[in-house]
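Q: I'm new to this one. Can you walk me through it?
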Amino acid sequence: MASTENAQLAAGLLQARPQPRLLRLLTVLTALGFAGTLALALFAAGTDIQQGEIQRIFYIHMPSFFGAFTAFGLTVLGGALYLARRETKWDHMALAGAEVGLAFALINLLTGAIWARPIWNTWWTWDPRLTSAAVMCLTYAAYLLLRAGIEDEERKRSFLAVYGIFAFVTVLITLFIIRIVPETIHPVIIGASPQNAQGSFEATSGVVLALLPSMLLWLTVMPITLMWHRARLERRMDRLNQLKMRVLDD
Amino acid sequence: MTLARLLLALAAAAFIAFTAAAQATPEDSLPYFQSPGFNVPRLQNWEEQSSGENAQFYLAAASATIRTALVSATEAPAAVEAALAAGGFPQPFDAPLYSGKVNLADGTWTNIVYAIDQERTASAMARRAGDRFVVISFVEEDPAARTVMLTLPRADEETASAAPEISAALAQFADAELAADAALETVPLPSGSWSAYRGADAQALGMVFGNDSYVALQTGTLGELAPLADAYNRTLLGFFITPDNSAFLALGLATVFLILGTLLLSFWWRARGIRQDFALLQALEREDG
C-alpha cells in the first residue's frame, strides 16, 4: 500500500505540475522588462555631465533596493500567515522572499559600492545608510544559514517566521535612516538630500522616465516572479523529503 | 488571484509615487555648454558664439570674449597661443605680460596674460586634460582700456580679503600700490563676494577662493568691470570635465548579471537535483517491487 502511494507521489512529482499561466506570463514580462529597462537606462537616459556614465547604475541600484523591500515584506507576510495558519505554503513564501530579497539587496549594496568608487573616491565608508544596508544583508544571510542549521521542521519554520518578521526592522532602518540621520553622505534623489550628501543629482523628467519602468519592474513583477519560482521549487523539495521519509520508513 | 491583486496594487502605488515625484522635480534645462571634452556655464546676457567643441561668449558692450577650448599642445604657453589663434587672434604674440602657476582643486593651471596688440589683451588659464590642454581665455578689445584677469596664490592666508593680491596686480599692471589702510568696498556678485578698489587710473576686483584669489584689473578709461569679472570667474569656477568612468558601469552591470545569474542557476541546479532524486527513488521502488 505504502509502496503504491510512494510510486504515485514520485510519479506526480516527476511530472511537475505545469507552470500556471500567470507565472509563465510574469516570467516573460520579467525577461522582457529587464531587457527593456536596461536599454532605457543605457541608451535612452541622458548622461549625467557631472558623474559620467556610472550614474546609469542608479537605474538598477535604487530599484533593486525596492525589489528587496517587496521580497522581505512578503517574508513578513509569509511568516505571519504561517504562524497563524501553520500551512507550509506560507513558509515557502517567506523563504522565497528572504532568498530573492537577499540577492536584490546584494545587487543594491555592490552596485552602490561600485558607484561610490569614482564618485566618493572610496569603495566603502561606514556611512549610516551603507552600514544599515550591510546589516540588513547579514541579517537575511543569517536567516538562510539558520534555515540550513535547524533540523526539526516545525521548530525551524516557527522560529524563522518570527525571525523574518523581526528582520524587517533592518529594512525599515535602511529605508528611513537617511531621512533621520543628518550625518549621512548618501544622496536622496526624491526630496531634498541631506546637507552632507555627495553625488546628488536631480530627478529630472529624463531620469524619472528611465527610472519609473525600472522601479515598477523591480518593485513588483521581478521579485514576485522569482519568488513564485523559488516557492514552487521548495514545495517540490518538501515533497521529495516526504517521499524519502516514506521510503526510509518502508 | 490574490497574487495578481497584490501585484496590481504595488504597481499602482509605485506608478502614483513616481509620477508625483516627476511632477515635483525641476525640468532638465541645465544652463551649461556641454561637449565631450568639458562643460562650462552658459553666460546669460552674453551672445553665444560656440562651435563644435569650443564654447565662446561675446559681450558687445565691453568688446569682451570668453572662450573655452581644448587644444593639442605640449606646453601651456603654446596651448594658450594655439587657442587664441583658433579664436581669430593671430600670432605671434610678444612675451607675456604675466605668467604664473596656481594649484586649484582640479589641478595645476597656468595663468598667462598677453598683449595681443595695442588694443587687445588676452588673459588665459590653461591646464592639461589628458593628451590635450584646456584653455579658458578672456580677450578684451577695448582700445581705451586694458582689462586683465589673474588667478594668484594668496600671499597672506590670514587676510580675509584679496587686498594683497589686488595690490600685487596694481603693481604689476598699473604701476601703483594699494595703500595699507585702503578701504575696499564689498561687492556681492553671483560668483561670490568681491572686494573692490577704484582709483583714478585703475580699478580692481578681488575674490578669495580657497588658497587663491581671483583678481580682475582694469586700467585706462574705466568702465563696468564687475560683469566681466563675474562672467569670467563663473566660467572658471563652473568649468568641469565629465569623468570617463564607463569601466565602473561595466563592472556594476557585470555584478548585477552575476548575482541574478547565480540565483537562476541555483534554481535550475536544485530543480535538477530534485528530478534526479525522484528518478533514483523511482528506480529503487521498481527494484523493491
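Q: Let's start with a crossing. Is the way helix 4 of chain A passes helix 5 of chain B left-handed or right-handed?
A: Right-handed. Keep in mind that this is a predicted model.

Q: What angle do helix 4 of chain A and helix 5 of chain B cross at?
A: Roughly 165 degrees. Their axes come within 9 Å. Helix 4 covers residues 88-120 of chain A, and helix 5 covers residues 246-288 of chain B. That angle makes helix 4 of chain A roughly antiparallel to helix 5 of chain B.

Q: Which residues meet there?
A: From helix 4 of chain A, the list includes A:Glu99, A:Phe104, A:Leu110 and A:Arg117. From helix 5 of chain B, it includes B:Phe248, B:Thr255, B:Leu263 and B:Arg270.

Q: What does A:Glu99 form with B:Arg270?
A: A salt bridge. The closest N and O atoms are 2.5 Å apart. A:Glu99 lies in helix 4 of chain A and B:Arg270 in helix 5 of chain B, so the pair joins two chains.

Q: How many salt bridges does a search of the whole structure find?
A: It finds 17 over all chains.

Q: Back to helix 5 of chain B. How do helix 2 of chain A and helix 5 of chain B pack?
A: At an angle of about 170 degrees, with their axes 14 Å apart. Helix 2 of chain A and helix 5 of chain B are therefore roughly antiparallel to each other.

Q: Which residues of helix 2 of chain A meet helix 5 of chain B?
A: A:Phe34, A:Leu38 and A:Leu42. On the chain B side they meet B:Leu249, B:Leu253, B:Val256, B:Phe257 and B:Leu260.

Q: New topic: the surface. Which residues make a nonpolar patch?
A: A:Leu22, A:Leu25 and A:Leu29 make one of about 250 Å². A:Leu25 is found in helix 2 of chain A, which runs over residues 21-44.

Q: Now inside chain A. How do helix 3 and helix 6 of chain A cross?
A: At roughly 145 degrees, and their axes come within 8 Å. Helix 3 is residues 58-85 and helix 6 is residues 153-180. Helix 3 of chain A passes helix 6 of chain A in a left-handed crossing.

Q: What makes the contact?
A: Helix 3 of chain A brings residues including A:Phe65, A:Phe69, A:Gly73 and A:Tyr82. Among those from helix 6 of chain A are A:Arg157, A:Gly164, A:Phe168 and A:Leu175.

Technical notes: Residues are numbered from 1 along each chain as its sequence is written. Chains are lettered from A and ligands numbered from 1 in the order in which they are written. This is a predicted model: local features need pLDDT of at least 70, side-chain atom pairs count only at pLDDT 80 or more; totals for chains, interfaces and linings use all residues. Side-chain values use heavy atoms; hydrogens and water are left out. Patches are made of residues with over 30% relative accessible area and no salt bridge: like charges are joined within 9 Å, nonpolar side chains (Val, Leu, Ile, Met, Phe, Trp, Tyr) within 5 Å. Accessible areas come from the Shrake-Rupley method with a 1.4 Å probe; for residues, only the protein chains shown count as cover. A salt bridge is a side-chain nitrogen of Lys or Arg within 4 Å of a carboxyl oxygen of Asp or Glu. Helices (H or I, at least four residues) and strands (E, at least two) are DSSP runs, numbered from the N terminus. Axes are lines fitted to C-alpha atoms, for helices over the stretch in contact, and angles run from 0 to 180 degrees between N-to-C directions. Angles under 35 degrees count as roughly parallel, over 145 as roughly antiparallel, 65 to 115 as roughly perpendicular and the rest as oblique. A crossing is left-handed if the near helix is turned anticlockwise from the far one by less than a right angle, and right-handed if clockwise. Contact means heavy atoms within 4.5 Å.
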